[in-house]
Amino acid sequence: MPVARLRMSRTALLPVLFLTVCVLPLGGASPWLLVLFVVPAVLAAWVLRVGVDVGDDGVTVRSLVGARHVGWAELAGIRVGERSDLWLVTTAGTQVRLPVLRARDLPRLAALSGGRIPTP
């Protein structure tokens, strides 16, 4: 089974583009203010990078600067948080937040896991 990549919708880049357009006059006013373009660049990288990969070997949670892999043998369950966010619970007792998934995505996550996560 190929790895399924669950990412944020690319339409989230539209506000980042709008922010870039708003920073243009400030960035052009002074060479020192060019550092303001770092903010839209980091936000765009965050939209493109953050997500969850589900494959045969387990679940990989990607953040802006790193990744955490949880194998199927290490997975004890899934917890739904107060704001319907999802958390992986490991057999060691630690929890890993799934950044782009919500409770409404549980059936899709269960289907991608190949039966390793029961359908709610």
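**Exercise 1. The core.** In this predicted model, find which residues touch the most other members of the largest nonpolar core.

*Solution.* Start with the size: the largest nonpolar core holds 19 residues. Next, look for the best-connected members. They are Val-52, Val-59, Leu-88, Leu-98, Leu-101 and Leu-109. Then ask which elements give two or more residues to this core. These are β2, β3 (58-62), β6 (85-90), β7 (95-102) and α3 (106-112). Finally, pick the main contributor: β7 gives the most, with four residues. In soluble globular proteins, nonpolar side chains tend to be buried together.

**Exercise 2. The open sheet.** Work out the strand order of the four-stranded open sheet and explain why β1 and β4 each have one side without a neighbour.

*Solution.* Write down the order: β1-β2-β3-β4, paired antiparallel. Now go to the edges. β1 (4-7) and β4 (67-71) stand there, each with a single partner strand, so one side of each has no neighbour in the sheet. Check the turn: neighbouring strands are at 15° to each other on average, direction ignored. Last, zoom in on one pair. Four bridges join β1 to β2 (residues 51-54). Within this pair, Ala-4 has Val-54 of β2 as its bridge partner.

**Exercise 3. The surface patch.** Locate Val-42 and decide whether Val-42 is buried, partly exposed or exposed.

*Solution.* Val-42 sits in helix α2 (residues 38-49). Its relative accessible area is 40%. Buried means under 20% and exposed means over 50%, so a value in between counts as partly exposed. Val-42 is therefore partly exposed. Now add the partners. Val-42 forms a nonpolar surface patch with Val-35, Val-38, Trp-46, Leu-64 and Val-65. Together these six residues have about 570 Å² of accessible area.

Note on methods:
Residues numbered from 1 in each chain as written. Predicted model: local features only at pLDDT ≥ 70, side-chain atom pairs only at ≥ 80, totals over all residues. Heavy atoms only, no water. Patch = residues over 30% accessible without salt bridge, like charges linked within 9 Å, V, L, I, M, F, W, Y side chains within 5 Å. Areas by Shrake-Rupley, 256 points an atom, 1.4 Å probe, with all protein chains shown as cover. Salt bridge = Lys/Arg side-chain N within 4 Å of Asp/Glu carboxyl O. Buried < 20%, exposed > 50% of the residue type's maximum accessible area, 1.4 Å probe, protein only. Pairing = 2+ DSSP bridges. Axes fitted to C-alpha atoms, helices over the stretch in contact; angles between N-to-C directions. Core = buried A, V, L, I, M, F, W, Y, C linked by side-chain atoms within 4.5 Å.
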